[in-house]
Amino acid sequence: MSQAAQRPTRWYENPFVGVIMAVLLMGLIWSAAARMLGFSSFPGPIAAVKELRFIVVDPGALWAIAQSVGRMFTGYFWALLFAIPLGLAMGRSRAMYQAFYPLVSLAYPMPKAALMPILMLWFGLGSFSKILVIAMGVSLPVLYHSYQGALRVEKKLVWTAQAMGMGPVGRLFKVVLPAALPEIMIGCRVGVVMALIVMVSSEMIARQEGVGNLLFTSMDMAQYETVYAVILVLAVLGFVLDALFERVRRYLTRWADNNRGVS
């Protein structure tokens with residue numbers, strides 16, 4: 001048994017304590033900045049938290065949040081269906097790499113929300129254009145990590161499967177995919193946060209419905225407490241989704257030696 005396993009956990013190593021301390025520190029900095037600046041457009045954290053109770057009972061606000069979350073998850077799963085197989089194929093096939101790498105390298109640094117006006121011209125202001133830009137934003141980190149995971153698969157595993165008569169598609173999904181899963185899950189975790197960011201950005205550009213529209217409408221009406229309350233909702237949503245996904249990642253890759261903390 002290692003020393004890290006024998007040593008009892010200190011109070012400050014508890015993740016819940018870390019979260020509470022981070023929230024308190026952010027609240028103190030926010031409150032001090034609001035008092036120093038004195039802007040009516042920059043209310044303190046207490047005013048924003050009080051506004052939360054009106055959001056959770058407002059059917060319009062709840063519907064806007066539900067619409068946004070639905071689009072976010074739809075775009076996210078579209079991205080997984082596209083990016084994971086393509087990334088694995090690029091990592092195991094030189095021809096696939098040479099065919100798609102130039103396109104990926106050009107698309108990676110491009111701000112995905114900048115494509116929203118073009119997609120609006122092509123597909124209108126509805127949900128499809130927003131879902132598509134979310135899928136594009138999520139695809140690239142998932143594709144990159146899937147590609148890196150496929151590169152690191154031991155050649156002996158692939159050779160053994162090939163010697164047993166397994167075809168390219170079978171090797172890809174039955175050998176390469178499980179072996180590359182830890183790296184893939186890292187890309188999927190990054191994709192969750194990216195989906196939330198692109199979702200809000202796209203709705204700010206195509207202001208018809210959703211959280212982005214709620215933010216801008218509240219700002220136009222000088223309802224600044226509502227603006228910051230919605231930002232708090234998004235922050236909590238992102239934190240919860242990231243924490244839940246981390247638990248899923250640890251469970252699915254519990255066989256891998258990638259969960260060791262700092263000793």
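Which residues lie nearest the centre of the largest pocket? In this predicted model, the answer is Val23, Met26, Leu232, Ala235 and Val236, which belong to a lining of 17 residues. Helix 2, helix 3 (45-55) and helix 11 each give two or more residues to that lining. The space inside comes to about 490 Å³. As for chemistry, the lining is made up of 16 nonpolar residues and 1 polar one, with no charged residues.

Two of those central residues turn up again on the outside. Val23 and Val236 are part of a nonpolar surface patch of about 510 Å², together with Val19, Phe239, Val240 and Leu244. Helix 2 (15-37) and helix 11 (224-252) are the elements that give the patch two or more residues, and helix 11 has the largest share, with 4. One of the patch residues, Val240, sits in helix 11. Val240 has a relative accessibility of 38%, so it counts as partly exposed. So helix 2 and helix 11 come up twice, in the pocket lining and in the patch.

The second largest pocket takes us to other helices. Its volume is about 350 Å³, and 15 residues line it. Phe82, Leu103, Ala107, Met136 and Leu140 are the ones nearest its centre. Helix 4 (59-92), helix 5 (94-107) and helix 7 (127-151) supply at least two lining residues each, with helix 7 giving the largest share, 6 residues. Here the lining holds 13 nonpolar residues, 1 polar and 1 charged. A charged residue is thus present in this lining, whereas the lining of the largest pocket has none.

Now for the charged pairs. Side chains of opposite charge can pair when their charged atoms come close. Searching the whole structure turns up 6 salt bridges. One of them joins the side chains of Arg71 and Glu203, with a distance of 2.8 Å from N to O. Arg71 is in helix 4 and Glu203 in helix 9 (residues 168-205), so this pair links distant parts of the chain, 132 residues apart. Both partners are tucked away from the surface by the numbers: Arg71 counts as buried because its relative accessibility is 4%, and Glu203 is buried because its relative accessible area is 0%.

Helix 9 also takes part in a salt bridge between Glu183 and Arg152, at 3.1 Å from N to O. Glu183 lies in helix 9, while Arg152 is in the loop between helix 7 and helix 8 (155-163), and the two are 31 residues apart. The partners sit in contrasting surroundings. Glu183 is buried, since its relative accessible area is 15%, but Arg152 is exposed, since its value is 58%.

A further salt bridge brings helix 9 and helix 11 together. The side chains of Arg189 and Glu246 meet at 2.8 Å, N to O. Because Arg189 belongs to helix 9 and Glu246 to helix 11, the pair ties together parts that are 57 residues apart in sequence. Arg189 is partly exposed, with a relative accessible area of 28%, whereas Glu246 is buried, at 12%. This pair doesn't stand alone, either: Arg189 and Glu246 are linked with Asp242, Arg249 and Arg250 in a network of salt bridges. Helix 11 therefore shows up in a salt bridge with helix 9, as well as in the nonpolar patch and the lining of the largest pocket.

Note on methods:
Residues are numbered from 1 along each chain as its sequence is written. This is a predicted model: local features need pLDDT of at least 70, side-chain atom pairs count only at pLDDT 80 or more; totals for chains, interfaces and linings use all residues. Side-chain values use heavy atoms; hydrogens and water are left out. Patches are made of residues with over 30% relative accessible area and no salt bridge: like charges are joined within 9 Å, nonpolar side chains (Val, Leu, Ile, Met, Phe, Trp, Tyr) within 5 Å. Accessible areas come from the Shrake-Rupley method with a 1.4 Å probe; for residues, only the protein chains shown count as cover. A salt bridge is a side-chain nitrogen of Lys or Arg within 4 Å of a carboxyl oxygen of Asp or Glu. Buried means under 20% relative accessible area, exposed over 50%, partly exposed in between (1.4 Å probe, protein chains only). On a 1 Å grid over the protein atoms alone, a cavity is a set of points where a 1.4 Å probe fits but cannot get out, and a pocket is an open set with protein on both sides within 12 Å along at least five of seven lines; lining residues have an atom within 4 Å of a point. Grid points are joined across faces, edges and corners, and a volume is the space filled by probe spheres set on the points. Ala, Val, Leu, Ile, Met, Phe, Trp, Tyr, Cys and Pro count as nonpolar, Asp, Glu, Lys and Arg as charged, and the others, Gly among them, as polar.
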